[in-house]
Amino acid sequence: MATTSIEGTKLGLTIALAISLLFFVLGLCYPILMAKTTLLGFNISTESIYLTDTIHHFYENNDWFMVAVIGITTLVFPVYKYLDMLNRILGFIPVSEFYEKVIAQLDKWSMLEVFVIALVILSVKTNSSFMSMSVKSGVYFLAASVIVRMLISSYMAFTKKPGTF
(Lines give C-alpha, C1' and ligand atoms only; values in the text may rest on other atoms or scores of the structure.)
Protein backbone atom coordinates (compact mmCIF):
# COMPACT_ATOMS: atom_id res chain seq x y z
CA MET A 1 0.00 0.00 0.00
CA ALA A 2 2.84 2.41 0.79
CA THR A 3 4.34 1.84 -2.66
CA THR A 4 1.01 2.67 -4.32
CA SER A 5 0.74 5.86 -2.27
CA ILE A 6 4.27 6.94 -3.21
CA GLU A 7 3.66 6.16 -6.90
CA GLY A 8 0.39 8.12 -6.79
CA THR A 9 2.17 11.07 -5.20
CA LYS A 10 4.90 10.92 -7.84
CA LEU A 11 2.28 10.83 -10.59
CA GLY A 12 0.40 13.78 -9.09
CA LEU A 13 3.58 15.83 -8.71
CA THR A 14 4.67 14.99 -12.26
CA ILE A 15 1.28 16.09 -13.63
CA ALA A 16 1.42 19.32 -11.59
CA LEU A 17 4.95 19.94 -12.89
CA ALA A 18 3.75 19.36 -16.48
CA ILE A 19 0.95 21.89 -15.90
CA SER A 20 3.48 24.40 -14.57
CA LEU A 21 5.70 23.79 -17.60
CA LEU A 22 2.70 24.29 -19.91
CA PHE A 23 1.98 27.65 -18.21
CA PHE A 24 5.65 28.60 -18.63
CA VAL A 25 5.62 27.81 -22.36
CA LEU A 26 2.32 29.67 -22.80
CA GLY A 27 3.86 32.63 -20.96
CA LEU A 28 6.64 32.68 -23.53
CA CYS A 29 4.23 32.26 -26.47
CA TYR A 30 1.70 34.92 -25.43
CA PRO A 31 2.43 38.64 -25.13
CA ILE A 32 3.22 40.08 -21.71
CA LEU A 33 2.35 43.65 -22.68
CA MET A 34 0.31 45.54 -25.24
CA ALA A 35 1.68 48.94 -26.24
CA LYS A 36 -0.76 51.34 -27.82
CA THR A 37 0.23 54.70 -29.28
CA THR A 38 -2.49 57.29 -29.81
CA LEU A 39 -2.50 60.84 -31.08
CA LEU A 40 -5.51 63.11 -30.68
CA GLY A 41 -7.62 60.09 -29.81
CA PHE A 42 -6.65 58.14 -32.93
CA ASN A 43 -4.86 54.82 -32.61
CA ILE A 44 -1.53 55.17 -34.42
CA SER A 45 -0.02 51.81 -33.57
CA THR A 46 -0.52 48.78 -31.40
CA GLU A 47 2.27 46.38 -30.58
CA SER A 48 2.34 43.13 -28.63
CA ILE A 49 5.46 42.70 -26.50
CA TYR A 50 6.69 39.21 -25.66
CA LEU A 51 9.19 38.32 -22.95
CA THR A 52 11.67 37.21 -25.59
CA ASP A 53 11.32 40.63 -27.27
CA THR A 54 13.06 42.22 -24.30
CA ILE A 55 16.04 39.91 -24.71
CA HIS A 56 16.10 40.63 -28.44
CA HIS A 57 15.89 44.40 -27.81
CA PHE A 58 18.87 44.38 -25.45
CA TYR A 59 20.76 42.10 -27.85
CA GLU A 60 20.26 44.55 -30.72
CA ASN A 61 21.54 47.38 -28.50
CA ASN A 62 24.60 45.33 -27.46
CA ASP A 63 23.58 45.45 -23.80
CA TRP A 64 25.07 42.05 -23.02
CA PHE A 65 24.66 42.37 -19.27
CA MET A 66 20.87 42.75 -19.57
CA VAL A 67 20.74 39.96 -22.17
CA ALA A 68 22.55 37.70 -19.70
CA VAL A 69 20.48 38.69 -16.65
CA ILE A 70 17.10 38.41 -18.37
CA GLY A 71 18.08 35.32 -20.38
CA ILE A 72 19.45 33.45 -17.38
CA THR A 73 16.68 34.38 -14.94
CA THR A 74 13.73 33.96 -17.28
CA LEU A 75 14.87 31.10 -19.52
CA VAL A 76 17.86 29.17 -18.16
CA PHE A 77 16.96 29.05 -14.43
CA PRO A 78 13.35 27.97 -15.00
CA VAL A 79 14.31 25.20 -17.45
CA TYR A 80 17.00 24.00 -15.06
CA LYS A 81 14.53 24.03 -12.16
CA TYR A 82 11.98 22.02 -14.15
CA LEU A 83 14.59 19.38 -14.99
CA ASP A 84 15.82 19.27 -11.39
CA MET A 85 12.31 18.94 -9.97
CA LEU A 86 11.47 16.16 -12.43
CA ASN A 87 14.65 14.36 -11.37
CA ARG A 88 13.79 14.81 -7.68
CA ILE A 89 10.27 13.46 -8.26
CA LEU A 90 11.19 10.48 -10.42
CA GLY A 91 14.75 9.86 -9.21
CA PHE A 92 16.44 9.37 -12.59
CA ILE A 93 19.88 10.48 -11.41
CA PRO A 94 21.04 10.13 -7.81
CA VAL A 95 22.34 13.41 -6.43
CA SER A 96 24.85 14.14 -3.73
CA GLU A 97 24.15 16.02 -0.52
CA PHE A 98 26.34 18.88 -1.79
CA TYR A 99 24.22 19.15 -4.95
CA GLU A 100 21.04 19.26 -2.87
CA LYS A 101 22.48 22.12 -0.80
CA VAL A 102 23.43 24.04 -3.95
CA ILE A 103 19.95 23.52 -5.38
CA ALA A 104 18.37 24.64 -2.11
CA GLN A 105 20.35 27.88 -2.38
CA LEU A 106 19.29 28.35 -6.01
CA ASP A 107 15.65 27.74 -5.08
CA LYS A 108 15.83 30.84 -2.92
CA TRP A 109 16.32 32.79 -6.13
CA SER A 110 13.18 31.35 -7.74
CA MET A 111 11.35 34.64 -7.33
CA LEU A 112 14.13 36.43 -9.20
CA GLU A 113 12.50 35.57 -12.51
CA VAL A 114 9.25 37.20 -11.35
CA PHE A 115 11.22 40.22 -10.18
CA VAL A 116 12.94 40.51 -13.56
CA ILE A 117 9.58 40.32 -15.35
CA ALA A 118 8.29 43.07 -13.05
CA LEU A 119 11.35 45.19 -13.81
CA VAL A 120 10.87 44.73 -17.53
CA ILE A 121 7.25 45.80 -17.23
CA LEU A 122 8.15 48.80 -15.10
CA SER A 123 10.96 49.85 -17.42
CA VAL A 124 8.69 50.00 -20.46
CA LYS A 125 5.47 51.07 -18.78
CA THR A 126 4.92 54.65 -19.78
CA ASN A 127 1.35 55.80 -19.53
CA SER A 128 1.14 59.19 -21.13
CA SER A 129 -1.23 60.96 -23.45
CA PHE A 130 0.58 59.30 -26.39
CA MET A 131 1.40 55.80 -25.22
CA SER A 132 -0.17 53.32 -22.88
CA MET A 133 0.79 49.81 -21.83
CA SER A 134 -1.46 47.07 -20.59
CA VAL A 135 -0.60 43.72 -19.06
CA LYS A 136 -1.54 40.74 -21.21
CA SER A 137 -2.06 37.01 -20.68
CA GLY A 138 1.63 36.06 -20.91
CA VAL A 139 2.27 37.65 -17.51
CA TYR A 140 -0.53 35.62 -15.94
CA PHE A 141 0.72 32.37 -17.48
CA LEU A 142 4.27 33.05 -16.23
CA ALA A 143 2.99 33.91 -12.76
CA ALA A 144 0.87 30.74 -12.69
CA SER A 145 3.86 28.62 -13.72
CA VAL A 146 5.97 30.04 -10.88
CA ILE A 147 3.17 29.62 -8.31
CA VAL A 148 2.50 25.99 -9.27
CA ARG A 149 6.22 25.21 -9.25
CA MET A 150 6.59 26.84 -5.82
CA LEU A 151 3.65 24.82 -4.47
CA ILE A 152 5.23 21.61 -5.74
CA SER A 153 8.58 22.54 -4.22
CA SER A 154 6.96 23.44 -0.89
CA TYR A 155 5.02 20.17 -0.83
CA MET A 156 8.17 18.20 -1.57
CA ALA A 157 10.13 20.01 1.16
CA PHE A 158 7.31 19.64 3.68
CA THR A 159 6.77 15.92 3.08
CA LYS A 160 10.40 14.95 2.52
CA LYS A 161 11.33 11.69 4.18
CA PRO A 162 14.64 9.87 3.93
CA GLY A 163 14.87 8.17 0.55
CA THR A 164 12.10 10.19 -1.10
CA PHE A 165 12.06 13.30 -3.27
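Mentor: Before we start, one definition: a residue is buried when its relative accessible area is under 20%, exposed when that area is over 50%, and partly exposed in between. Keep in mind too that this is a predicted model.

Trainee: Thanks! Let me try it on Thr46: is this residue buried, partly exposed or exposed?
Mentor: Thr46 is found in strand β2. Its relative accessible area is 44%. Buried needs a value under 20% and exposed a value over 50%, so Thr46 counts as partly exposed.

Trainee: Which residues does Thr46 contact, leaving aside its neighbours within four places in sequence?
Mentor: A good place to begin is Lys36, ten residues from Thr46 along the chain, with the two C-alpha atoms separated by 4.4 Å. Lys36 is one of the contacts of Thr46. With the neighbours in sequence set aside, the full list is Met34, Ala35 and Lys36.

Trainee: Let's step back to the whole protein. What pattern do the helices and strands follow along the sequence?
Mentor: The protein has six helices and three strands. Read along the sequence, their pattern is α-β-β-α-α-α-α-β-α.

Trainee: In what order do the three strands sit in the open sheet?
Mentor: Look for the edges of the sheet, where a strand pairs on one side only. Those edge strands are β2, residues 42-49, and β3, residues 131-135. The pairing is antiparallel, and the order of the strands is β2-β1-β3.

Trainee: By how much are neighbouring strands of this sheet turned against each other on average?
Mentor: Think of the sheet as the antiparallel arrangement we just walked through. Ignoring direction, its neighbouring strands are turned against each other by an average of 20°.

Trainee: How many bridges join β1 to β2?
Mentor: Two of the pairings can be followed by name. Ala35 has Glu47 as its bridge partner in β2, and Thr37 stands opposite Ser45. The strands run antiparallel, and the number of bridges joining them is seven.

Trainee: And how many bridges join β1 to β3?
Mentor: On this side, Met34 has Ser134 as its bridge partner, while Lys36 stands opposite Ser132. Strand β1 covers residues 33-39 and runs antiparallel to β3. The bridges between them number five.

Trainee: Ala35 is in that strand too. Is it buried or exposed?
Mentor: Ala35 is found in strand β1. It touches residues from elsewhere in the chain, including Ser45, Ile49, Met131 and Ser132. Its relative accessibility is 4%, and since the limit for that class is under 20%, Ala35 is buried.

Trainee: How far apart are the C-alpha atoms of Ala35 and Met133?
Mentor: Along the chain, the two residues are 98 positions apart. In space, Met133 is among the residues that Ala35 touches. The C-alpha atoms are separated by 4.6 Å.

Trainee: What share of the protein's contacts with a separation of 6 or more joins residues 24 or more positions apart?
Mentor: Ala35 and Met133 give you an example, being 98 residues apart along the chain and in contact. Across the protein, the share is 68%.

Trainee: Which residue in the hairpin of β1 and β2 takes a positive phi near 55°?
Mentor: The hairpin has two residues between its strands. The one you want lies in the loop between β1 and β2 and is exposed, with a relative accessible area of 76%. This residue is Leu40.

Trainee: What is the area of the nonpolar surface patch that includes Leu40?
Mentor: Leu40 shares this patch with Leu39, Phe42 and Ile44. For the setting, the protein's accessible surface comes to about 10,400 Å², with 72% of it belonging to carbon and sulfur atoms. The patch itself is about 480 Å².

Trainee: Which residue forms a salt bridge with Asp84?
Mentor: A search of the whole structure finds one salt bridge. Asp84 and its partner both lie in helix α3, residues 64-90, and are four residues apart, about one turn of the helix. Asp84 is buried at 4% relative accessible area, whereas the partner is partly exposed at 22%. The closest N and O atoms are 3.1 Å apart, and the partner is Arg88.

Trainee: Finally, what percentage of the residues count as buried?
Mentor: You have met two of them, Ala35 and Asp84. The protein has 165 residues, and the buried share is 28%.

Note on methods. Residues numbered from 1 in each chain as written. Predicted model: local features only at pLDDT ≥ 70, side-chain atom pairs only at ≥ 80, totals over all residues. Heavy atoms only, no water. Pairing = 2+ DSSP bridges. Axes fitted to C-alpha atoms, helices over the stretch in contact; angles between N-to-C directions. Salt bridge = Lys/Arg side-chain N within 4 Å of Asp/Glu carboxyl O. Buried < 20%, exposed > 50% of the residue type's maximum accessible area, 1.4 Å probe, protein only. Contact = heavy atoms within 4.5 Å. Areas by Shrake-Rupley, 256 points an atom, 1.4 Å probe, with all protein chains shown as cover. Patch = residues over 30% accessible without salt bridge, like charges linked within 9 Å, V, L, I, M, F, W, Y side chains within 5 Å.
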